[in-house]
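Got the viewer open? Let's take a short walk through the model, one selection at a time.

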Amino acid sequence: ATCAAPAAGTLDTAHFEVDMAPVDRWLAATRRLGELGKSDPSLEEVTAADASEPREAYIARLEGHPAVSGAIRAAGMSATEYALTTETLIGAFFAVGMLDAGAIKELPPELKDTQAVAFVQAHKDELTTRMQALQSAQ
């Protein structure tokens, strides 16, 4: 599967699929955004995802800042793909982590049988290594 763009007007993470290629683009975009944040700390407010914020508002915020949207595009993603990948990947990692730690006995219905959770479960070690490398480079 690839990082399938949702149908026009649809921002449904349950149908948004990830594989290693879009994860690499997401990591590259995140790295570029981190570099921007180092040169201009005020950009942290632009790029930080907030779970309580509507996804559309986050996307608009990313698109509304030329340097931020340019960094995301330079990594081969749109702001929408970046936001969906962020939400999908982090959500799947959180769910798998809770499951693995025994904090939950089974995945919530909205995550059960999703491609993203299966992807994270199948590639957890490699994904963890790549994300840790990104964090240590920041």
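Start with Asp19: which side chain of opposite charge is nearest, and how many Å away is it? The nearest is Arg25, 5.9 Å away, and Asp19 has no salt bridge although it is buried. Here, a salt bridge puts a side-chain nitrogen of Lys or Arg within 4 Å of a carboxyl oxygen of Asp or Glu. Buried means under 20% relative accessible area, exposed over 50%, and partly exposed in between (1.4 Å probe, protein chains only).

Before moving on, a word on the model: it is predicted, with local features needing pLDDT of at least 70, side-chain atom pairs counting only at pLDDT 80 or more, and totals for chains, interfaces and linings using all residues. Numbering runs from 1 along each chain as its sequence is written, and side-chain values use heavy atoms, leaving out hydrogens and water.

Stay on Asp19, in the segment before α1 (20-39). A polar atom of its side chain sits 3.1 Å from the backbone nitrogen of Ala21.

Zoom out: you should see 6 helices and 0 strands (DSSP runs of H or I, at least four residues, or of E, at least two, numbered from the N terminus).

Next, select Arg55 and Glu87, whose side chains form a salt bridge (2.6 Å, N to O). This pair joins helix α3 (residues 55-63) to helix α5 (residues 79-101), 32 residues apart. Arg55 is buried at 17%, while Glu87 is partly exposed at 37%.

Finish in helix α6 (residues 115-137) with Glu126 and Arg130, 4 residues apart. Their side chains meet in a salt bridge (2.6 Å, N to O). Add Asp24 to the selection: a network of salt bridges links Asp24, Glu126 and Arg130.

Methods
Lys, Arg positive; Asp, Glu negative; His and termini not counted. Polar contact = N/O pair within 3.5 Å; in protein donor to acceptor, adjacent residues only side chain to side chain.
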